[in-house]
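Subject: Structure for your review

Dear colleague,

Please find below the structure that I am handing over to you. I would be grateful if you could read the notes beneath it with the coordinates open.

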Amino acid sequence: DWVTRFFDIVQDVSDNEMQLLWGQILAGEIKKPQSYSLRTLETLRNMTKEEAELFQKIAQFVLVQGEAFLFTSDDAMEKFGVSYSNIAKLIEVGLIQPGEFVKRNYSSNNTKDVKYGIVYGNIVIIIDQKANSPKVSVPIKLLTTPGKELVKLINIHPNVDYIKELARTIKKDDVMVGYAKIVSINKDESIN
């Protein structure tokens, strides 16, 4: 079904850049079957080149911690050239989940310190919370399944100012934030 749907879709693609994108999807699916869902194929099929370029721009700010998401505190995205209408367009296209007031919470254990890692391109952002520290909530926008699958095709170049903006929101007296370059990610998804 997947192969049939794929070739039915790509036979009508005439733009060179979009053809390259479809080629990457086929290569990824051959390398690791079930990497791209039928929903992702349909979402991409209905996207314009301009919408794909907008997603590529916004994908530069995608963070991963279990789920793929954007940090959206106050005007955080506006500071980096991403407007509310850009986000709204990608919600309409089906790459970002709709909904307001979505938060990622970080809370410590009552008895020991806790560390969290957020992957951002080739960087890991480390949140180190002391025992009994208050919960920290970070406003986010989650990516949809097609968004998560397509963001894997994009080479993300981490923006240090974006990391600093996130750190300002999270950092408290008993919550430290740092970052380091990722050397490798193990099969169990632990990070070196």
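The notes below go from the whole chain to its core and then to two individual elements.

Overall picture. Please bear in mind that this is a predicted model. The mean pLDDT of the chain is 89, with 99% of residues at 70 or more. Confidence is highest in helix α6 (residues 145-151), where the mean is 95, and lowest in β3, where the mean is 85. The chain contains seven helices and seven strands, and their order along the sequence is α-α-α-α-β-β-α-β-β-β-β-α-α-β. The C-alpha trace spans about 60 × 35 × 25 Å along its principal axes. Of the 192 residues, 43% are buried. Among contacts with a separation of 6 or more, 71% join residues 24 or more positions apart. The exposed area of the chain is about 11,000 Å², and carbon and sulfur atoms account for 50% of that area.

The nonpolar core. The largest nonpolar core comprises 55 residues, and Trp 22, Ile 25, Leu 63 and Leu 70 have the most contacts inside it. The element that gives the most to this core is helix α4 (residues 49-59), with five residues. Leaving aside residues up to four places away in sequence, Ile 25 touches Trp 2, Phe 6, Tyr 36, Leu 41, Leu 44, Leu 150 and Leu 153.

Helix α7. This helix covers residues 160-170, and its buried residues are Tyr 162, Ile 163, Glu 165, Leu 166, Ala 167, Thr 169 and Ile 170. Those buried residues pack against six strands by name: β1 (62-65), β2 (67-71), β4 (114-120), β5 (123-129), β6 and β7 (175-181). At the N-terminal end of α7, Asn 159 acts as the cap, with a side-chain oxygen 2.8 Å from the backbone nitrogen of Asp 161.

Strand β3. In a regular strand, side chains alternate between the two faces of the sheet. Strand β3 (residues 103-106) shows this alternation: Arg 104 and Tyr 106 point to one face and are buried, whereas Lys 103 and Asn 105 point to the other face and are not buried. Strand β3 runs antiparallel to β6 (residues 136-142), and four bridges join the two. Within this pairing, Tyr 106 stands opposite Val 136 of β6. When you examine this strand, please recall that β3 is where confidence in the chain is lowest, at a mean of 85.

Yours sincerely

Terms used. Residues numbered from 1 in each chain as written. Predicted model: local features only at pLDDT ≥ 70, side-chain atom pairs only at ≥ 80, totals over all residues. Heavy atoms only, no water. Buried < 20%, exposed > 50% of the residue type's maximum accessible area, 1.4 Å probe, protein only. Pairing = 2+ DSSP bridges. Core = buried A, V, L, I, M, F, W, Y, C linked by side-chain atoms within 4.5 Å. Contact = heavy atoms within 4.5 Å. Polar contact = N/O pair within 3.5 Å; in protein donor to acceptor, adjacent residues only side chain to side chain. pLDDT = per-residue confidence, 0-100. Areas by Shrake-Rupley, 256 points an atom, 1.4 Å probe, with all protein chains shown as cover.
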